[in-house]
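Grab a pencil and work through a few short exercises on the model below. Try each task before you read its solution.

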Amino acid sequence: MSAIEMPRRLPIWQLILFSIPLFGWIARDAAYGKPEDWGYTAAALVSMWGCSTLIFGLPGLYIPAVMMVPLIFLLLILVSRG
C-alpha cells in the first residue's frame, strides 16, 4: 500500500508530470495528498524559488516570476468573467 491513494488510470498529462523527479513528487502530493499538505507544497515551492535565487542570483528571482505572468493573466480573466 502506498502512502498516497491514487486512481488506477491517470490521464497522460498527469503521468508525464508525476514522472518528473522533484516537481512530480510535489505535484502528486498536492493533487492526491491530505488537505493539510497544501501548506507543505507552498513552503517547498517558495524554498525552491529561494534556492534558485541563491544559486543563480537575480535571474533566479526574476525568471520564475516572469514565467508566472500567463497564469496570473488567466486567473485575472477567469475572475473578471465571474
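Here come four exercises, each with a worked solution.

This is a predicted model, so local features need pLDDT of at least 70, side-chain atom pairs count only at pLDDT 80 or more, and totals for chains, interfaces and linings use all residues. Residues are numbered from 1 along each chain as its sequence is written, and side-chain values use heavy atoms, with hydrogens and water left out.

**Exercise 1.** Work out whether Asp37 is buried or exposed.

*Solution.* Start with the place: Asp37 sits in helix H3, residues 37-56. Helices here are DSSP runs (H or I, at least four residues), numbered from the N terminus. Next, get the cut-offs: buried is under 20% relative accessible area, exposed is over 50%, and partly exposed is in between (1.4 Å probe, protein chains only). Asp37 has 12% relative accessibility, so it counts as buried. For some context, its C-alpha lies 9.7 Å from that of Ile26, 11 residues away in sequence.

**Exercise 2.** Sort Leu45, Val69 and Ile16 with those same cut-offs.

*Solution.* Take them one by one. Leu45, also in helix H3, comes out at 44%, so it is partly exposed. Val69 belongs to helix H5 (residues 69-81); its relative accessible area is 37%, so Val69 is partly exposed too. Ile16, in helix H1 (residues 12-18), has 53% and is therefore exposed.

**Exercise 3.** Describe the largest pocket: what is its volume, and which residues lie nearest its centre?

*Solution.* First, the idea: rolling a probe the size of a water molecule over the atoms shows where empty space is left. A pocket is an open set of points on a 1 Å grid over the protein atoms alone, where a 1.4 Å probe fits, with protein on both sides within 12 Å along at least five of seven lines; lining residues have an atom within 4 Å of a point. The volume, the space filled by probe spheres set on the points, is about 550 Å³. Now the lining: there are 17 residues, with Phe23, Leu45, Met48, Pro64 and Met68 nearest the centre. H3 gives the largest share, 6 residues.

**Exercise 4.** How do the lining residues divide into nonpolar, polar and charged?

*Solution.* Set the classes: Ala, Val, Leu, Ile, Met, Phe, Trp, Tyr, Cys and Pro are nonpolar, Asp, Glu, Lys and Arg are charged, and the others, Gly among them, are polar. Then read off the split: 15 nonpolar, 2 polar and no charged.

Technical notes:
Helix = DSSP H or I, 4+ residues; strand = E, 2+ residues; numbered from the N terminus.
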